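Colleague: I should like to learn how to read this structure. May we begin with the empty space inside?

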Amino acid sequence: MRILIVKTSSLGDVVHALPAITDLRRAFPTTPIDWCVEENFTAIPRLHPAVDKIIPVAIRRWRKQLLRAQTWREIRQFRDTLRAEKYDAVIDLQGLLKSAVIARQADGPRVGYAAESAREPIAARFYDADFAIPKKIHAVERNRWLVAASLELPQDIPLDYGVSATPLQADWLPAKPYLVLLTATSRDDKLWPESHWLTLGKLLHEQGVQVVLPAGSAAERERAARLAAGIPAAVAAPALSLEALAGLFAGSIGAIGVDTGLTHLAAALGRPVVAIYTATDPGLTGVLSATPFQNLGGAGKLPSALEVAQTARIVCRQTWPA
C-alpha cells in the first residue's frame, strides 16, 4: 500500500495538513506516504518522519514562465515523477482546481472534497470518490476528516502534528530565554501596528524576556530592524530558511505572531503561541494545537499590547523564566 497527499500551498495550509499525516501513520504504521507540495514549502513535510517521498511542484513559478522551454521540460519531469509510483489512494486536501488536476495525473484512485465542500467546486469533477466535509469546522479538522472518510479511519484520534526540530544554534541568539515575534504577513490589513509591537516588546523585557524578530523580504527586514531598535535587547534575526526558523521556534519559550503561516508552524512544533488577528476571523483558520495557545482579536478587532503581554505570560506559563 502507498498513499499520496496533495497539499501544495500556502505555508499555513501545508502546516494544517500535518496532523492528517500523523493520523495516517497511526492507522498504517508501515505504509509509505508521499506528499506533493510547492517547491518553496518542502521543508514542512520534511519535518514529519512519516513522509517518505516529497514531490515538489512549481505552479507559482511556472505560471510566470510559461513561454520558456525549460518550464515545459520541468512540467514533463514532474508528471513523470508523479506517475512513477502506483498509489492505493491519492488524497487531495487542497480542494482547488490546480490540486485536483495534479491528483488526476497520479496513478491511483483520487479522492477529495465533494463540490459543496471544496474551495473550488469544479475540483470534485476530477475525483473518483468525494466526500462532503463540513465547511464550518477548523481547517486542520477538515483535512483529518477527509483522510478519515477516504480510508475509513476513526475521527476521535487526539490531535498531533507529529513534527519536531532541533533548537537553532547561532551566535546572534540571545543568551536569555527568548520569545519569537512574528510581525510580518502577506496582507497589510493583517498587520498589527508597530506602536503595539514596541509597547509589547518593552513589557516583555520588563519581565525578563528577550525577543527575536525574524523577517523575510526587504520590507519585512526593515520593519524588524526598526522594531528591534526600539525594544531593549531585541534581536532582528538574519534571513533564515524554513528549516532554520523551525529551529528558532524549537529553542524559544513561545511565539507571538500575526495571521501568518509561521505562527501556525510555531504551534505545530509544540511551542506556546499567541496569535493576533486584525482582519480575519480565527474561528476556522486560527491557531489550533494540543499545546497551549490563544487566538486574540478578529476582523476589525485590535487587541492591545497589554492584553497580548498578559496572555503570553499565561499561555507560556510552563516555559516562562522564573
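Modeller: Rolling a probe the size of a water molecule over the atoms shows where empty space is left. In this predicted model, the largest cavity holds about 40 Å³ of space.

Colleague: Which residues line the largest cavity?

Modeller: The lining consists of Asp23, Glu141, Arg144, Trp145, Ala148, Pro154, Gln155 and Ile157. Helix H7 contributes the largest share of this lining, with four residues. By class, four residues of the lining are nonpolar, one is polar and three are charged.

Colleague: How many cavities of 30 Å³ or more are counted?

Modeller: The count is one cavity of 30 Å³ or more.

Colleague: Let us turn to the pockets. What is the volume of the largest pocket?

Modeller: The largest pocket encloses about 1,100 Å³ of space. Its lining comprises 45 residues, and those closest to the centre are Ser10, Leu11, Gly12, Thr260 and Gly261.

Colleague: Which helix supplies the largest share of the lining of the largest pocket?

Modeller: That share comes from H1, with four residues. At least two residues each are supplied by H1, H7 (139-151), H10, H11 and H12 (282-285). Sorted by class, the lining of the largest pocket has 17 nonpolar, 18 polar and ten charged residues.

Colleague: Thr260 was named among the residues closest to the centre of the largest pocket. Where does Thr260 lie?

Modeller: Thr260 belongs to the loop between strand S10 (254-258) and H11. Its relative accessibility is 17%, so Thr260 counts as buried; the cut-off for that class is under 20%. When residues up to four places away in sequence are not counted, Thr260 touches Leu182, Ala184 and Thr185.

Colleague: Which residues line the second largest pocket?

Modeller: The second largest pocket, with a volume of about 290 Å³, is lined by Val57, Ile59, Trp62, Arg63, Leu66, Ile75, Phe78, Arg79, Lys98, Val101, Ile102 and Gln105. Two or more of its lining residues come from each of helix H4 (59-64), helix H5 (69-82) and H6. H6 gives the most, with four residues. The classes are eight nonpolar, one polar and three charged residues.

Colleague: H6 has now been named. What unit does H6 make with S4 and S5?

Modeller: S4, helix H6 (residues 97-105) and S5 form a right-handed β-α-β unit. Strand S4 (residues 89-92) pairs with strand S5 (residues 110-113) in the parallel sense, over two bridges. Within this pairing, Arg110 in S5 is the bridge partner of Val90. S5 also pairs with strand S6 (residues 129-131), again in the parallel sense, and here over three bridges. In that pairing, Val111 stands opposite Ala129 of S6.

Colleague: How should one read a strand and its place in a sheet?

Modeller: In a regular strand the side chains alternate between the two faces of the sheet. One sheet in this model is open and has six strands in the order S9-S8-S7-S10-S11-S12, with parallel pairing. Strand S9 (235-236) and strand S12 (293-297) stand at its edges with a single partner strand each, so one side of each has no neighbour in the sheet.

Colleague: How many bridges join S7 to S8?

Modeller: Strand S7 (residues 178-182) and strand S8 (residues 210-213) run parallel and are joined by three bridges. Tyr178 stands opposite Gln210 in S8.

Colleague: Is helix H10 mostly covered or mostly uncovered?

Modeller: Helix H10 (residues 242-250) is mostly covered, as seven of its nine residues are buried. They are Leu242, Ala244, Leu245, Ala246, Gly247, Leu248 and Phe249. Among the elements that cover the buried residues of H10 are helix H1 (11-16), helix H3 (43-46), S7, S8 and helix H11 (261-268).

Colleague: Let us close with one loop residue. Where does Ile253 lie, and with which residues is Ile253 in contact?

Modeller: Ile253 lies in the loop between H10 and S10. Its relative accessibility of 7% is the reason why Ile253 counts as buried. Leaving aside neighbours within four places in sequence, Ile253 is in contact with Pro177, Tyr178, Leu179, Val209, Arg271, Pro272, Cys316, Thr319, Trp320 and Pro321. By contrast, Ile44 stands 209 residues from Ile253 along the chain, and the C-alpha atoms of the two are separated by 21 Å.

Note on methods. Residues are numbered from 1 along each chain as its sequence is written. This is a predicted model: local features need pLDDT of at least 70, side-chain atom pairs count only at pLDDT 80 or more; totals for chains, interfaces and linings use all residues. Side-chain values use heavy atoms; hydrogens and water are left out. Two strands pair if DSSP finds at least two bridges between them. A crossover is right-handed if, with the strands pointing away from the viewer, the path from the first strand over the helix to the second runs clockwise. Buried means under 20% relative accessible area, exposed over 50%, partly exposed in between (1.4 Å probe, protein chains only). Contact means heavy atoms within 4.5 Å. On a 1 Å grid over the protein atoms alone, a cavity is a set of points where a 1.4 Å probe fits but cannot get out, and a pocket is an open set with protein on both sides within 12 Å along at least five of seven lines; lining residues have an atom within 4 Å of a point. Grid points are joined across faces, edges and corners, and a volume is the space filled by probe spheres set on the points. Ala, Val, Leu, Ile, Met, Phe, Trp, Tyr, Cys and Pro count as nonpolar, Asp, Glu, Lys and Arg as charged, and the others, Gly among them, as polar.
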